[in-house]
Amino acid sequence: CQDRVVEKGFLERAGVPVAPWRPVRSPEELEAAVAAIGLPAVLKTTRLGYDGRGQAVLRRAEDAEAAYAALEPKPLILEAFVPFQAEVSAIAARGADGAGAVFDAVENRHRNHILDVSLAPARVPDAVAAAARGHAVRVAAELGLVGVLALEMFLLPDGTLLGNEIAPRPHNSGHWTIDACLASQFEQHVRAVAGLPLADPVRHHDAVMANLIGPEGLAAWPRVVGDGRLAAHLYGKAEARPGRKLGHATRLLPLGSLAGLAEADITAGL
(Lines give C-alpha, C1' and ligand atoms only; values in the text may rest on other atoms or scores of the structure.)
Protein backbone atom coordinates (compact mmCIF):
# COMPACT_ATOMS: atom_id res chain seq x y z
CA CYS A 1 0.00 0.00 0.00
CA GLN A 2 3.02 2.31 0.21
CA ASP A 3 3.85 1.85 -3.47
CA ARG A 4 1.27 2.86 -6.07
CA VAL A 5 2.57 0.48 -8.73
CA VAL A 6 2.40 -2.50 -6.37
CA GLU A 7 -0.99 -1.31 -5.11
CA LYS A 8 -2.54 -0.97 -8.56
CA GLY A 9 -1.31 -4.41 -9.59
CA PHE A 10 -2.68 -5.91 -6.37
CA LEU A 11 -6.11 -4.34 -6.86
CA GLU A 12 -6.31 -5.73 -10.39
CA ARG A 13 -5.40 -9.22 -9.18
CA ALA A 14 -8.01 -8.90 -6.41
CA GLY A 15 -10.70 -8.20 -9.00
CA VAL A 16 -11.14 -4.49 -8.27
CA PRO A 17 -11.23 -2.41 -11.48
CA VAL A 18 -8.72 0.46 -11.66
CA ALA A 19 -8.02 3.27 -14.11
CA PRO A 20 -5.45 2.55 -16.85
CA TRP A 21 -1.92 3.01 -15.53
CA ARG A 22 1.73 2.50 -16.46
CA PRO A 23 4.94 2.50 -14.39
CA VAL A 24 7.32 5.32 -15.26
CA ARG A 25 11.03 4.84 -14.54
CA SER A 26 12.48 7.09 -17.24
CA PRO A 27 11.50 9.89 -19.62
CA GLU A 28 11.26 7.27 -22.36
CA GLU A 29 8.78 5.22 -20.31
CA LEU A 30 6.77 8.37 -19.65
CA GLU A 31 6.56 9.08 -23.37
CA ALA A 32 5.38 5.52 -24.02
CA ALA A 33 2.89 5.70 -21.13
CA VAL A 34 1.37 8.94 -22.46
CA ALA A 35 1.05 7.34 -25.90
CA ALA A 36 -0.71 4.30 -24.38
CA ILE A 37 -3.01 6.08 -21.90
CA GLY A 38 -3.60 9.41 -23.59
CA LEU A 39 -4.09 12.86 -22.08
CA PRO A 40 -5.13 14.26 -19.72
CA ALA A 41 -3.40 11.97 -17.24
CA VAL A 42 -1.96 12.23 -13.75
CA LEU A 43 1.74 11.65 -13.07
CA LYS A 44 2.40 10.62 -9.47
CA THR A 45 5.22 9.53 -7.23
CA THR A 46 4.85 5.87 -6.33
CA ARG A 47 5.70 6.61 -2.69
CA LEU A 48 5.19 9.34 -0.08
CA GLY A 49 2.40 11.22 -1.87
CA TYR A 50 -0.82 12.04 -0.01
CA ASP A 51 -3.48 14.78 0.14
CA GLY A 52 -2.61 15.88 -3.40
CA ARG A 53 1.15 15.97 -2.82
CA GLY A 54 3.52 14.25 -5.21
CA GLN A 55 1.41 14.50 -8.36
CA ALA A 56 0.90 16.61 -11.46
CA VAL A 57 -1.84 16.67 -14.09
CA LEU A 58 -0.56 16.40 -17.65
CA ARG A 59 -2.92 18.11 -20.08
CA ARG A 60 -0.52 18.60 -22.99
CA ALA A 61 2.44 16.55 -24.18
CA GLU A 62 4.67 19.53 -23.39
CA ASP A 63 3.78 19.20 -19.68
CA ALA A 64 5.49 15.82 -19.34
CA GLU A 65 9.16 16.80 -19.27
CA ALA A 66 8.83 19.44 -16.53
CA ALA A 67 6.53 17.25 -14.42
CA TYR A 68 8.91 14.30 -14.64
CA ALA A 69 11.85 16.48 -13.56
CA ALA A 70 9.94 18.05 -10.65
CA LEU A 71 8.40 14.97 -9.03
CA GLU A 72 10.47 13.16 -6.41
CA PRO A 73 11.15 10.51 -5.31
CA LYS A 74 11.23 8.39 -8.43
CA PRO A 75 10.08 6.04 -9.92
CA LEU A 76 6.70 7.44 -10.91
CA ILE A 77 3.36 6.14 -12.17
CA LEU A 78 1.09 7.56 -14.86
CA GLU A 79 -2.64 7.10 -14.34
CA ALA A 80 -5.48 8.00 -16.68
CA PHE A 81 -7.39 11.10 -15.64
CA VAL A 82 -10.71 9.86 -14.24
CA PRO A 83 -13.79 12.06 -14.82
CA PHE A 84 -15.40 10.72 -11.67
CA GLN A 85 -18.80 11.72 -10.36
CA ALA A 86 -17.89 11.21 -6.70
CA GLU A 87 -15.34 9.57 -4.44
CA VAL A 88 -16.76 6.69 -2.43
CA SER A 89 -14.98 4.78 0.34
CA ALA A 90 -15.79 1.77 2.46
CA ILE A 91 -14.17 0.45 5.62
CA ALA A 92 -13.94 -3.29 6.12
CA ALA A 93 -12.78 -5.30 9.13
CA ARG A 94 -11.39 -8.83 9.14
CA GLY A 95 -10.61 -10.98 12.15
CA ALA A 96 -7.84 -13.55 12.53
CA ASP A 97 -10.47 -16.24 11.99
CA GLY A 98 -11.39 -14.76 8.61
CA ALA A 99 -14.68 -13.26 9.78
CA GLY A 100 -15.51 -10.01 8.01
CA ALA A 101 -17.67 -6.94 8.55
CA VAL A 102 -18.00 -3.75 6.55
CA PHE A 103 -19.43 -0.34 7.37
CA ASP A 104 -21.75 1.49 4.98
CA ALA A 105 -20.07 3.11 2.01
CA VAL A 106 -19.66 6.87 2.29
CA GLU A 107 -19.43 9.77 -0.13
CA ASN A 108 -16.34 11.96 0.27
CA ARG A 109 -15.79 15.56 -0.73
CA HIS A 110 -12.37 17.19 -0.90
CA ARG A 111 -11.08 20.72 -0.70
CA ASN A 112 -7.53 21.48 -1.85
CA HIS A 113 -7.04 17.69 -2.27
CA ILE A 114 -7.78 17.11 1.45
CA LEU A 115 -10.87 15.29 2.72
CA ASP A 116 -13.34 17.96 3.79
CA VAL A 117 -16.70 16.25 4.31
CA SER A 118 -17.95 12.65 4.40
CA LEU A 119 -21.62 11.72 4.00
CA ALA A 120 -22.83 8.46 5.53
CA PRO A 121 -24.37 6.70 3.78
CA ALA A 122 -23.19 7.57 0.28
CA ARG A 123 -26.07 8.89 -1.82
CA VAL A 124 -25.64 6.29 -4.54
CA PRO A 125 -27.83 3.44 -5.87
CA ASP A 126 -28.00 0.39 -3.62
CA ALA A 127 -26.10 -1.70 -6.18
CA VAL A 128 -23.21 0.78 -6.19
CA ALA A 129 -23.06 0.85 -2.38
CA ALA A 130 -23.08 -2.95 -2.27
CA ALA A 131 -20.30 -3.11 -4.85
CA ALA A 132 -18.18 -0.66 -2.84
CA ARG A 133 -18.58 -2.74 0.31
CA GLY A 134 -17.84 -5.91 -1.61
CA HIS A 135 -14.62 -4.50 -3.05
CA ALA A 136 -13.41 -3.50 0.43
CA VAL A 137 -14.18 -6.94 1.87
CA ARG A 138 -12.40 -8.62 -1.05
CA VAL A 139 -9.30 -6.50 -0.59
CA ALA A 140 -9.17 -7.28 3.14
CA ALA A 141 -9.45 -11.00 2.40
CA GLU A 142 -6.81 -10.94 -0.35
CA LEU A 143 -4.41 -9.14 1.99
CA GLY A 144 -5.05 -11.61 4.80
CA LEU A 145 -5.72 -8.52 6.90
CA VAL A 146 -6.32 -8.65 10.64
CA GLY A 147 -7.79 -5.26 11.52
CA VAL A 148 -9.55 -2.62 9.44
CA LEU A 149 -8.84 -0.96 6.12
CA ALA A 150 -10.39 1.70 3.95
CA LEU A 151 -10.70 1.40 0.19
CA GLU A 152 -11.12 4.67 -1.71
CA MET A 153 -12.91 4.43 -5.05
CA PHE A 154 -13.94 6.68 -7.91
CA LEU A 155 -17.58 6.50 -9.01
CA LEU A 156 -18.02 7.00 -12.76
CA PRO A 157 -21.24 8.40 -14.29
CA ASP A 158 -22.23 4.92 -15.50
CA GLY A 159 -22.09 3.50 -11.95
CA THR A 160 -18.72 1.79 -12.33
CA LEU A 161 -16.36 1.94 -9.34
CA LEU A 162 -12.61 2.18 -9.84
CA GLY A 163 -10.26 1.38 -6.97
CA ASN A 164 -7.94 4.27 -6.15
CA GLU A 165 -6.10 3.75 -2.86
CA ILE A 166 -5.97 1.31 0.06
CA ALA A 167 -5.45 2.62 3.59
CA PRO A 168 -4.67 -0.42 5.81
CA ARG A 169 -5.79 1.25 9.05
CA PRO A 170 -8.62 3.28 10.55
CA HIS A 171 -9.23 6.11 8.10
CA ASN A 172 -10.39 9.72 8.21
CA SER A 173 -13.43 8.88 6.07
CA GLY A 174 -14.58 6.48 8.81
CA HIS A 175 -14.47 8.84 11.78
CA TRP A 176 -18.25 9.25 11.56
CA THR A 177 -18.53 5.70 12.94
CA ILE A 178 -17.49 6.98 16.38
CA ASP A 179 -20.89 8.62 16.85
CA ALA A 180 -23.19 6.96 14.31
CA CYS A 181 -22.52 3.23 14.77
CA LEU A 182 -22.80 0.60 17.46
CA ALA A 183 -19.01 0.28 17.42
CA SER A 184 -16.52 2.65 15.78
CA GLN A 185 -13.86 1.69 13.27
CA PHE A 186 -11.33 1.97 16.12
CA GLU A 187 -13.16 -0.50 18.34
CA GLN A 188 -13.61 -2.80 15.35
CA HIS A 189 -9.86 -2.71 14.72
CA VAL A 190 -9.06 -3.58 18.34
CA ARG A 191 -11.63 -6.37 18.33
CA ALA A 192 -10.06 -7.89 15.23
CA VAL A 193 -6.51 -7.68 16.55
CA ALA A 194 -7.47 -8.94 20.03
CA GLY A 195 -9.37 -11.93 18.66
CA LEU A 196 -12.76 -10.70 19.87
CA PRO A 197 -15.90 -11.14 17.78
CA LEU A 198 -16.36 -8.30 15.33
CA ALA A 199 -19.15 -5.88 16.21
CA ASP A 200 -22.20 -5.44 14.03
CA PRO A 201 -21.29 -2.47 11.79
CA VAL A 202 -24.90 -1.28 11.79
CA ARG A 203 -25.43 2.47 11.50
CA HIS A 204 -28.05 3.92 13.87
CA HIS A 205 -28.01 7.43 12.33
CA ASP A 206 -27.19 9.09 9.06
CA ALA A 207 -24.16 11.32 9.52
CA VAL A 208 -22.33 14.26 8.01
CA MET A 209 -18.72 14.58 9.15
CA ALA A 210 -16.59 17.67 8.50
CA ASN A 211 -12.87 17.93 9.15
CA LEU A 212 -11.33 20.80 11.11
CA ILE A 213 -8.26 21.63 9.05
CA GLY A 214 -5.39 24.00 9.80
CA PRO A 215 -5.61 27.35 11.59
CA GLU A 216 -9.12 27.97 10.23
CA GLY A 217 -10.32 24.67 11.62
CA LEU A 218 -8.81 25.39 15.01
CA ALA A 219 -10.43 28.83 15.03
CA ALA A 220 -13.80 27.16 14.44
CA TRP A 221 -13.41 24.88 17.47
CA PRO A 222 -15.15 27.17 20.04
CA ARG A 223 -18.20 27.41 17.77
CA VAL A 224 -18.22 23.68 17.03
CA VAL A 225 -17.84 22.52 20.62
CA GLY A 226 -20.45 25.06 21.70
CA ASP A 227 -23.04 23.66 19.28
CA GLY A 228 -25.04 21.01 21.12
CA ARG A 229 -26.14 19.46 17.80
CA LEU A 230 -22.60 18.43 16.87
CA ALA A 231 -20.32 15.66 18.15
CA ALA A 232 -16.97 17.45 18.37
CA HIS A 233 -13.55 15.78 18.40
CA LEU A 234 -10.20 17.55 18.80
CA TYR A 235 -7.03 15.48 18.33
CA GLY A 236 -4.68 17.43 20.61
CA LYS A 237 -2.06 18.09 17.95
CA ALA A 238 0.53 20.62 19.06
CA GLU A 239 0.70 22.71 15.90
CA ALA A 240 -2.07 24.02 13.62
CA ARG A 241 -0.20 23.84 10.32
CA PRO A 242 -2.09 24.68 7.10
CA GLY A 243 -3.64 21.55 5.64
CA ARG A 244 -3.26 19.54 8.86
CA LYS A 245 -6.30 17.66 10.17
CA LEU A 246 -6.80 18.84 13.76
CA GLY A 247 -10.21 17.39 14.56
CA HIS A 248 -13.66 16.78 13.16
CA ALA A 249 -17.31 17.41 13.87
CA THR A 250 -20.20 15.06 13.10
CA ARG A 251 -23.85 15.93 12.76
CA LEU A 252 -26.22 13.02 13.33
CA LEU A 253 -29.47 12.80 11.35
CA PRO A 254 -32.40 10.40 11.49
CA LEU A 255 -31.91 7.21 9.50
CA GLY A 256 -32.82 7.69 5.86
CA SER A 257 -33.02 11.47 6.02
CA LEU A 258 -29.71 12.37 4.36
CA ALA A 259 -30.87 11.38 0.88
CA GLY A 260 -33.72 13.90 1.04
CA LEU A 261 -31.68 16.90 2.16
CA ALA A 262 -31.10 19.83 -0.16
CA GLU A 263 -27.47 20.54 -0.89
CA ALA A 264 -27.47 23.73 1.18
CA ASP A 265 -28.73 21.79 4.21
CA ILE A 266 -26.17 18.98 4.14
CA THR A 267 -23.38 20.89 5.86
CA ALA A 268 -25.54 23.45 7.64
CA GLY A 269 -23.87 24.33 10.93
CA LEU A 270 -20.63 22.52 10.12
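A residue counts as buried when its relative accessible area is under 20%, as exposed when over 50%, and as partly exposed in between. This tour of a predicted model relies on that scale at several stops.

**First stop: the stacked rings**

Select Phe 154, in strand S9 (residues 147-155). Its relative accessible area is 14%, so Phe 154 is buried. Now add Phe 84, from the loop between strand S4 (76-80) and S5. Phe 84 is partly exposed, because its relative accessibility is 40%.

The count of aromatic pairs in the model is two. In the pair now on display, the ring centres of Phe 84 and Phe 154 lie 4.5 Å apart with the planes at 15°, and the pair is therefore stacked. Since Phe 84 and Phe 154 are 70 residues apart in sequence, their pairing ties together separate parts of the chain.

**Second stop: the edge-to-face rings**

Next, select Phe 103 and Trp 176. These residues form an edge-to-face aromatic pair, with 6.4 Å from centre to centre and 75° between the planes. This pair also links distant parts of the chain: Phe 103 belongs to the loop between strand S6 (100-102) and S7, while Trp 176 belongs to the loop between strand S10 (161-167) and helix H5 (177-180), 73 residues apart. Both Phe 103 and Trp 176 are buried.

**Third stop: the cavity**

Keep Phe 103 and Trp 176 selected, as both are among the residues that line the largest cavity. To complete the lining, add Ser 89, Ala 90, Ile 91, Asp 104, Val 106, Ser 173 and Gly 174. The structure holds one cavity of 30 Å³ or more, and the space in the largest cavity is about 40 Å³.

Which strand gives the largest share of this lining? Colouring strand S5 (residues 86-94) shows the source, with three residues. Colouring by class instead separates five nonpolar, three polar and one charged residues in the lining.

**Fourth stop: His 110**

Move to strand S7 (residues 106-111) and select His 110 there. With a relative accessible area of 40%, His 110 is partly exposed. Setting aside neighbours within four places in sequence, the contacts of His 110 are Glu 87, Leu 115 and Asp 116. A distance drawn from the C-alpha of His 110 to that of Ala 86 reads 10.0 Å, with their positions 24 residues apart in sequence.

**Fifth stop: salt bridges**

The model contains 18 salt bridges. Begin with Asp 3 and Arg 47, whose closest N and O atoms are 3.6 Å apart. This bridge links distant parts of the chain, 44 residues apart: Asp 3 is in the segment before helix H1 (4-13), and Arg 47 is in the loop between strand S2 (41-45) and strand S3 (55-58). Are the two partners buried or partly exposed? Asp 3 is buried, with a relative accessible area of 16%, whereas Arg 47 is partly exposed at 40%.

Go on to Asp 63 and Arg 60, a salt bridge with 3.2 Å between the closest N and O atoms. Arg 60 is partly exposed, its relative accessible area being 48%.

Then select Arg 203 and Asp 206, whose side chains form a salt bridge of 2.4 Å, N to O. Both of these residues are buried.

**Last stop: a network**

Finally, display Glu 107, Arg 109, Arg 123 and Glu 263 together; salt bridges link these residues in a network.

Technical notes:
Residues are numbered from 1 along each chain as its sequence is written. This is a predicted model: local features need pLDDT of at least 70, side-chain atom pairs count only at pLDDT 80 or more; totals for chains, interfaces and linings use all residues. Side-chain values use heavy atoms; hydrogens and water are left out. On a 1 Å grid over the protein atoms alone, a cavity is a set of points where a 1.4 Å probe fits but cannot get out, and a pocket is an open set with protein on both sides within 12 Å along at least five of seven lines; lining residues have an atom within 4 Å of a point. Grid points are joined across faces, edges and corners, and a volume is the space filled by probe spheres set on the points. Helices (H or I, at least four residues) and strands (E, at least two) are DSSP runs, numbered from the N terminus. Ala, Val, Leu, Ile, Met, Phe, Trp, Tyr, Cys and Pro count as nonpolar, Asp, Glu, Lys and Arg as charged, and the others, Gly among them, as polar. Buried means under 20% relative accessible area, exposed over 50%, partly exposed in between (1.4 Å probe, protein chains only). Contact means heavy atoms within 4.5 Å. A salt bridge is a side-chain nitrogen of Lys or Arg within 4 Å of a carboxyl oxygen of Asp or Glu. Rings of Phe, Tyr and Trp (its six-membered ring) pair if their centres lie within 6.5 Å; planes under 30 degrees apart count as stacked, over 60 as edge-to-face and the rest as tilted.
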